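Visitor: I should like a close look at a single part of this model, taken residue by residue. Please set it out as one connected account, with the cut-offs behind each term.

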Amino acid sequence: MSEGKGQHILIIEDEESISSFVKMYLEREGYAVSVAPTGAQALEVLKEKVDLVTLDLMLPDMDGLDICRSVRATSNVPIIMLTARDEDIDKIVGLEVGADDYLTKPFNARELVARIKSILRRAAAPVSNSRKLECDHIKIDAARRECLVDGEQVMLAPKEFDLIWELLERNGEVLNREHLLEKVWGYTYAGDTRTVDVHVRQLRKKLGDACPIVTVWGSGYKVGTEVRAA
Ligand code: CA
């Protein structure tokens, strides 16, 4: 399943071999993609709604850092800088110019897609979710999308994170599979509820004995321990 759902990504890149490859890759993920080979064209496209920008540092007409600054002056659109290995990445890393992330060339398209998804997910998280919850050995941070077991980070897939967050947030309430499907996967119909079971199983595997999720036979799932704000 593609996650892109028509979100609009602007690739600012003068090397056609790179832009066409990235464009193809992102379109396959369900994104709508525009390519701008110059800074001037990029600023033109940015008058439309753009959800994320990948920005090559070396462009024929404008310096990538200048483009980044001028975009930042008017917009919060996430920016991923693409830079050749030898270039001075300190400025970007220091976020002096307001980029959200960077990759050095040559980069792996899969890695770029992973970064894009992660940034767009964070951008989509509502501010009201900027909270932390904990129970027994687990601490989760909605803003950072981080799950710690006894202080050690455990990598959760996005849906696994959303699932455990929903269960913790409802603090012991029994939630049926249809509810969880709708909350976490956004289905508004009763879809395949085994999806929920598979993800709960994954969570139990990853969190081990610390996993607070309890199966309530015939009903659904709940958290079997007290949840506190962290
Ligand atoms: Ca270039």
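Guide: Not counting residues up to four places away in sequence, Glu 166 touches Leu 175, His 179, Leu 180 and Lys 183, where contact means heavy atoms within 4.5 Å. The model is predicted, so local features need pLDDT of at least 70 and side-chain atom pairs count only at pLDDT 80 or more, while totals for chains, interfaces and linings use all residues. Residues are numbered from 1 along each chain as its sequence is written, and side-chain values use heavy atoms, with hydrogens and water left out.

Glu 166 belongs to helix α6; helices (H or I, at least four residues) and strands (E, at least two) are DSSP runs numbered from the N terminus. With a relative accessible area of 5%, Glu 166 is buried. Buried means under 20% relative accessible area, exposed over 50%, and partly exposed in between, with a 1.4 Å probe and protein chains only.

The partner residues of Glu 166 lead towards helix α7, which spans residues 177–185. Among them, Leu 180 also takes part in the contact of α7 with α8. Two packed helices are described by the angle between their axes and the distance between the axes. Axes are lines fitted to C-alpha atoms, for helices over the stretch in contact, and angles run from 0 to 180 degrees between N-to-C directions.

The axes of α7 and helix α8 (residues 194–207) come within 9 Å and cross at roughly 80°, which makes α7 roughly perpendicular to α8. Angles of 65 to 115 degrees count as roughly perpendicular, under 35 as roughly parallel, over 145 as roughly antiparallel, and the rest as oblique. On the α7 side the contact is made by Arg 177, Leu 180, Leu 181 and Trp 185; on the α8 side, by Thr 195, Val 196, Asp 197 and His 199. These residues divide into four nonpolar, two polar and two charged. Here Ala, Val, Leu, Ile, Met, Phe, Trp, Tyr, Cys and Pro count as nonpolar, Asp, Glu, Lys and Arg as charged, and the others, Gly among them, as polar.

Helix α6 (residues 158–169) also packs on α8, at an angle of about 90° and with the axes 10 Å apart. This makes α6 roughly perpendicular to α8. From α6 come Lys 159, Glu 160, Leu 163 and Ile 164, and from α8 come Val 196, His 199, Val 200, Gln 202, Leu 203, Lys 206 and Leu 207. The division in this case is six nonpolar, two polar and three charged residues. Val 196 and His 199 are named in the contact of α8 with α7 and again in the contact of α8 with α6.

Asp 197, in helix α8, carries the account onward to a strand. Leaving aside residues up to four places away in sequence, Asp 197 touches Arg 177 and Tyr 221. Between the C-alpha atoms of Asp 197 and Gly 220, 23 residues apart along the chain, the separation is 9.3 Å. Gly 220 lies in strand β11 (residues 220–223) and is buried, at a relative accessible area of 0%. Beyond its neighbours within four places in sequence, Gly 220 is in contact with Val 174, Leu 175, Asn 176, Arg 177, Val 214 and Thr 215. The C-alpha atoms of Gly 220 and Val 174 are separated by 6.3 Å, although the two residues are 46 apart along the chain. Leu 175 thus appears among the contacts of Glu 166 and among those of Gly 220. Arg 177, likewise, is in contact with Gly 220 and with Asp 197.

As for the setting of this part, the chain has eight helices and twelve strands. Of its 230 residues, 43% count as buried. Among contacts with a separation of 6 or more, 56% join residues 24 or more positions apart.

Elsewhere in the chain, two loop residues have a positive phi without being glycine. Phi of Asp 136 is near 40°; this residue sits in the loop between β6 (132–135) and β7 (138–141) and is exposed, with a relative accessible area of 56%. Phi of Arg 145 is near 50°; its loop runs between β7 and β8 (146–149), and Arg 145 is partly exposed at 25%. A cis peptide bond, with omega about 0°, joins Lys 105 and Pro 106.
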